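Subject: the structure, and what turned up in it

Hi,

Here is the structure I promised to pass on. Have a look at it first, and then read on for my notes.

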Amino acid sequence: PSKPMTVTAPALPQSTSPAGVTRRKATNREQQERDALPARIEALEDEQRRLAADVEGPEFYKRSPADIAATMARLAELPDEILRAYARWDELEQLR
């Protein structure tokens with residue numbers, strides 16, 4: 001009679017996440033970036049609120065066409081910039 005073969009999986013290193021991806025710690029530069037992101041996000045959101053209020057104001061469309069276009073372009077790009085900043089912050093938080 002032959003004996004059943006037993007197979008065991010190798011032990012995972014302690015720094016490995018459940019998905020099997022080895023986690024690394026943040027570099028000093030990444031820590032500094034992570035620490036600065038809340039203020040950066042707040043500044044972007046403040047800029048977005050300020051520009052939106054400007055656009056809603058009665059004097060906005062009395063400005064030069066170039067100024068109006070620049071303001072509208074910046075207002076259009078801010079939501080994506082804010083989302084990228086939040087995503088980067090989340091990414092850096094995972095490195096803690």
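Phe60 is buried, with a relative accessible area of just 1%. Keep in mind that this is a predicted model. Right beside it in the sequence, Tyr61 counts as exposed, because its relative accessibility of 54% is over the 50% cut-off. The two rings pair up: their centres are 4.7 Å apart and their planes stand at 90°, so this one is edge-to-face.

How many aromatic pairs does a search of the whole structure find? Two. The other one is Tyr86 with Trp89, where the ring centres are 6.3 Å apart and the planes sit at 35°, so the pair is tilted. Both residues belong to helix α2, and being three residues apart they are separated by about one helical turn. In general, an α-helix has 3.6 residues a turn, so residues three or four places apart point the same way. As for exposure, Tyr86 counts as partly exposed at 36% relative accessibility, and Trp89 is also partly exposed, at 26%.

Now to the helices. α1 covers residues 28–56, which makes 29 residues. At 1.5 Å a residue the helix should span 42 Å, and the C-alpha atoms at its ends are indeed 42 Å apart, so expectation and model agree. That said, α1 has a kink of about 40°. Where does the kink lie? At Leu37, shortly before the proline Pro38.

Leu37 is also one of the buried residues of α1, along with Glu30, Arg34, Ile41, Leu44, Leu51 and Val55. Note that Glu30 and Arg34 are in that list. What do the buried residues of α1 pack against? The partner is α2, residues 65–93.

That brings me to the core. The largest nonpolar core has 14 residues, and within it Leu44 and Ala85 touch the most other members. α1 and α2 each supply at least two of its residues, with α2 giving the most, six. Leaving aside residues up to four places away in sequence, Ala85 touches Leu37, Ile41 and Leu44, and these three are among the buried residues of α1. So one of the contacts of Ala85 is Leu37, the residue where the kink lies. As a general rule, nonpolar side chains tend to be buried together in soluble globular proteins.

If you only open a few residues, I'd go for Leu37 at the kink, Leu44 and Ala85 in the core, and the edge-to-face pair of Phe60 and Tyr61.

Cheers

Key:
Residues are numbered from 1 along each chain as its sequence is written. This is a predicted model: local features need pLDDT of at least 70, side-chain atom pairs count only at pLDDT 80 or more; totals for chains, interfaces and linings use all residues. Side-chain values use heavy atoms; hydrogens and water are left out. Helices (H or I, at least four residues) and strands (E, at least two) are DSSP runs, numbered from the N terminus. The expected span of a helix is 1.5 Å times one less than its number of residues. The bend at a residue is the angle between axes fitted to the seven residues ending there and the seven starting there. Buried means under 20% relative accessible area, exposed over 50%, partly exposed in between (1.4 Å probe, protein chains only). Contact means heavy atoms within 4.5 Å. A nonpolar core is a set of buried Ala, Val, Leu, Ile, Met, Phe, Trp, Tyr and Cys residues joined through side-chain atoms within 4.5 Å. Rings of Phe, Tyr and Trp (its six-membered ring) pair if their centres lie within 6.5 Å; planes under 30 degrees apart count as stacked, over 60 as edge-to-face and the rest as tilted.
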